[in-house]
Amino acid sequence: EANATSTEAEAFWVKRLRGLDPIEIPYRSSAPATESAPEAATIEFEAPSEFRANVSEAQGSALVSAFAAYLSRVGSRQEFDLAMEGTSLSYATKGVECFYASSVPLHISLDSGGTAAQAMRKISKDVEALRERGSFLLDVVARYPDLSSSNFVKAGTVAPIAVVTCSDPSTYTLMPGTDIALVVSPDASSTCFVYDSRVLSV
């Protein structure tokens, strides 16, 4: 049974990685090699009081959803992938985290005719579903060579824009290949953007 579950999970991730369709942040400047270390800079911010007032639970996930909905609008795209990172991904692989990827693809698929609230609810459900699923084994790229055609996958991330949940956002380290990451604590009490100053000028 455990082997069947593992095989099913791997099939899911291989399909997701083969279909990667990352979105890029608007107005990025240059394109350094994804393998090179980023020059990280940080912008701390607080979630707007109106946002907090309208979201009673899981404010961290709600903030991630709002960011993804914003990217959909400014990028004029209803479907795309973000990199999702965070300690919550390790829940499904507790004790063997070192064998699993720290970044997984979060696929965003929105209805162009839907409301912002509907978009946020859908993305929140997708985020929670990925957290329950966990990550994929690091050797999956070696065992499926076609996956290495993605520079992001080879660099250890899956998309240039990441959403990250961690208890202390100030400790987050930007991964090679990541242009910008929204980093939030689970209750959204601590939030920041960490970005590569080589590609984004703020």
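This report describes the fold, the central sheet and selected helices of the protein shown above.

**Overall architecture**

The coordinates belong to a predicted model, and the secondary structure of this protein comes to six helices and six strands, which follow one another along the sequence in the pattern α-β-α-α-β-β-α-α-α-β-β-β. The chain has 202 residues, of which 43% count as buried, while the protein exposes about 10,700 Å², with carbon and sulfur atoms supplying 52% of that area. Among the contacts with a separation of 6 or more, 68% are accounted for by residues 24 or more positions apart.

**The sheet**

The six strands form an open sheet with mixed pairing, in the order S1-S6-S5-S4-S2-S3. Its edges are strand S1 (40–45) and strand S3 (103–109), each of which pairs on one side only, and neighbouring strands are turned against each other by 25° on average when direction is ignored.

Two of the pairings, both involving strand S6 (residues 191–196), can be set out together.

| Strand pair | Bridges | Relative direction |
|---|---|---|
| S1 and S6 | six bridges | antiparallel |
| S5 and S6 | five bridges | antiparallel |

On the S1 side, Ile 43 stands opposite Phe 193 of S6, and Glu 44 has Cys 192 in S6 as its bridge partner. On the S5 side, the bridge partner of Val 184 is Thr 191 in S6. S5 and S6 form a hairpin with six residues between them, and in this turn Ala 188 has a positive phi of about 60°. How enclosed is S6 by the rest of the structure? Five of its six residues are buried, so S6 is largely enclosed by the rest of the structure. As background to reading such strands, the side chains in a regular strand alternate between the two faces of the sheet.

**Helices against the sheet**

Helix H3 (residues 59–75) lies across S1, strand S2 (79–86), S3, strand S4 (161–165), strand S5 (180–184) and S6, and runs at about 155° to S5. H4 also packs on the sheet, where H4 touches S2, S3 and S4, its direction making about 155° with that of S3.

Helix H4 covers residues 116–133, and its 18 residues reach 26 Å from the first C-alpha to the last, close to the 26 Å expected at 1.5 Å a residue. Which residues of H4 are buried? They are Ala 119, Ile 123, Ser 124, Val 127, Leu 130 and Arg 131. Seen down the axis of H4, these buried residues fall within an arc of 135°, so they line one face of the helix. The general geometry of an α-helix is relevant here: with 3.6 residues a turn, residues three or four places apart point the same way. On the other side of H4, Arg 121, Lys 125 and Glu 132 are exposed. The residue that follows H4 is Gly 134, whose phi is positive, near 85°.

**A residue in helix H5**

Helix H5 (residues 140–143) includes Ala 142. Is Ala 142 buried or exposed? Its relative accessible area is 64%, and because residues over 50% count as exposed, Ala 142 is classed as exposed. Ala 142 is separated from Lys 154 by 12 residues in sequence, and the two C-alpha atoms lie 9.9 Å apart in space.

Definitions and conventions: Residues numbered from 1 in each chain as written. Predicted model: local features only at pLDDT ≥ 70, side-chain atom pairs only at ≥ 80, totals over all residues. Heavy atoms only, no water. Helix = DSSP H or I, 4+ residues; strand = E, 2+ residues; numbered from the N terminus. Expected span 1.5 Å × (residues − 1). Buried < 20%, exposed > 50% of the residue type's maximum accessible area, 1.4 Å probe, protein only. Arc of directions from axis to C-beta. Contact = heavy atoms within 4.5 Å. Areas by Shrake-Rupley, 256 points an atom, 1.4 Å probe, with all protein chains shown as cover. Pairing = 2+ DSSP bridges. Axes fitted to C-alpha atoms, helices over the stretch in contact; angles between N-to-C directions.
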